[in-house]
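Visitor: Could you pick one part of this structure and take me through it slowly? I am new to this, so please build the picture up step by step.

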Amino acid sequence: MAQGKVEPDTITFNSAIGACEISGEWKNALRFFGVMAQSRVEPDRITFNNAIGACESCGEWKNALQLFSEVVQIKVETNATTFNTVISACEKGGEWVKALQVFNAMAQSEVVSSILLISTSAVSACEKRNAWRDALRLLHLRAQQGLVSLRSVPSRGEVSNKRFFSLSV
C-alpha cells in the first residue's frame, strides 16, 4: 500500500487551532496560525475566531488585537463572536480604550445582531477603569435603541463609596 502525503487545509488548521483554544494553549494556536500562513493556506473567520479566542482565554489581549487587525487588513468576514472575543480580551487586560475602539469599529460594520452582548463587555471594561462617562455613553446608545443591559450595575458595596448618575431615557 503506497503512502501519500496529505496536505493540511483550512479545516485541518481550524481544528488544530480550535483544540488549542479549548486547552488554553495560545502559543500553540499562534504557531499553527503561522504554519498555516507559511503553507499558503487561507485563514477564514473560524480560524481567526479560534486564534483570538485562544489569546482571550489566556489574557493575551495584545495578540488578540494583532489578530483582529489582520482580520480587518485582509478583509475576512467577521461576526459578533469576532468582536466580542476581542473586546473581552481587552476587558480582561484592563484596556478599556482599546475595547471601545473595537466596539466602535463593530458599530460601523455590518455586525450588529449581537450588539447587546458586546456592549455589556465594553461597558464592563469602562467600569473597571472608572471611565464612567464612556460607560454612560454606551448605555445611552443602547437605551436609544431600546436595549438595556444590567450586567454592569454596581454591587451593593460599590454604591456606598461612589457617586452614581442617573441615565434619563
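Guide: Let's begin with a word we will need throughout: a residue is called buried when its relative accessible area is under 20%, exposed when that area is over 50%, and partly exposed in between. Keep in mind, too, that this is a predicted model.

A good warm-up for using that word is helix 6, which covers residues 96-108. Its buried residues are A99, L100, V102, F103 and M106. Looking down the axis of helix 6, you would find these buried residues within an arc of 165°, so they line one face of the helix. A general rule helps here: an α-helix has 3.6 residues a turn, so residues three or four places apart point the same way.

Now for the setting. The protein chain is built from nine helices and has zero strands. Of its 169 residues, 40% count as buried. Among the contacts with a separation of 6 or more, 67% are between residues 24 or more positions apart. The chain exposes about 10,400 Å², and carbon and sulfur atoms supply 52% of that area.

The part I would like to look at closely is helix 4, residues 61-74. Helix 4 has 14 residues, and from its first C-alpha to its last it reaches 20 Å, close to the 20 Å expected at 1.5 Å a residue. The buried residues in helix 4 are W61, A64, L65, L67, F68 and V71. Seen down the axis of helix 4, they fall within an arc of 160°, so here too the buried residues line one face of the helix. Turn to the other side of helix 4 and you will find K62 and Q73, which are exposed.

What lies over that buried face? The cover for the buried residues of helix 4 includes helix 2, helix 3, helix 5 and helix 6. For a close-up, click on L67: leaving aside residues up to four places away in sequence, L67 touches L30, F33, F48, A51, I52 and C55.

Several of these names come back when we step out to the largest nonpolar core, which has 26 residues. The residues with the most contacts inside this core are F33, F48, I52, L65, L67, V86 and V102. Helix 1, helix 2, helix 3, helix 4, helix 5 and helix 6 each give two or more residues to the core. Helix 4 gives the most, with six residues.

Next, follow the chain out of helix 4. Just after the helix comes K75, with a positive phi of about 60°. That is worth a pause, as most residues other than glycine have a negative phi. K75 is not a glycine, and its place is in the loop between helix 4 and helix 5. With a relative accessible area of 70%, K75 is exposed. R40 gives you another example: its phi is near 60°, and it is not a glycine either. R40 sits in the loop between helix 2 and helix 3, and it is exposed, with a relative accessible area of 76%.

The loop after helix 4 also takes part in a salt bridge. As background, side chains of opposite charge can pair when their charged atoms come close. The side chains of E77 and R45 meet in this way, at 2.9 Å from N to O. E77 is in the loop between helix 4 and helix 5, whereas R45 is in helix 3, so the pair links distant parts of the chain, 32 residues apart. E77 is exposed, with a relative accessible area of 58%, while R45 is partly exposed at 29%.

The count comes to two salt bridges, and the other one joins E56 and K92, whose side chains meet at 2.6 Å, N to O. E56 lies in helix 3 and K92 in helix 5, so this pair ties together parts that are 36 residues apart in sequence. E56 counts as buried at 14% relative accessibility, whereas K92 is exposed, with a relative accessible area of 51%.

To put the picture back together: helix 4 has one face lined with buried residues, it gives six residues to the largest nonpolar core, and K75, with its positive phi, comes just after it.

Note on methods:
Residues numbered from 1 in each chain as written. Predicted model: local features only at pLDDT ≥ 70, side-chain atom pairs only at ≥ 80, totals over all residues. Heavy atoms only, no water. Helix = DSSP H or I, 4+ residues; strand = E, 2+ residues; numbered from the N terminus. Expected span 1.5 Å × (residues − 1). Buried < 20%, exposed > 50% of the residue type's maximum accessible area, 1.4 Å probe, protein only. Arc of directions from axis to C-beta. Contact = heavy atoms within 4.5 Å. Areas by Shrake-Rupley, 256 points an atom, 1.4 Å probe, with all protein chains shown as cover. Core = buried A, V, L, I, M, F, W, Y, C linked by side-chain atoms within 4.5 Å. Salt bridge = Lys/Arg side-chain N within 4 Å of Asp/Glu carboxyl O.
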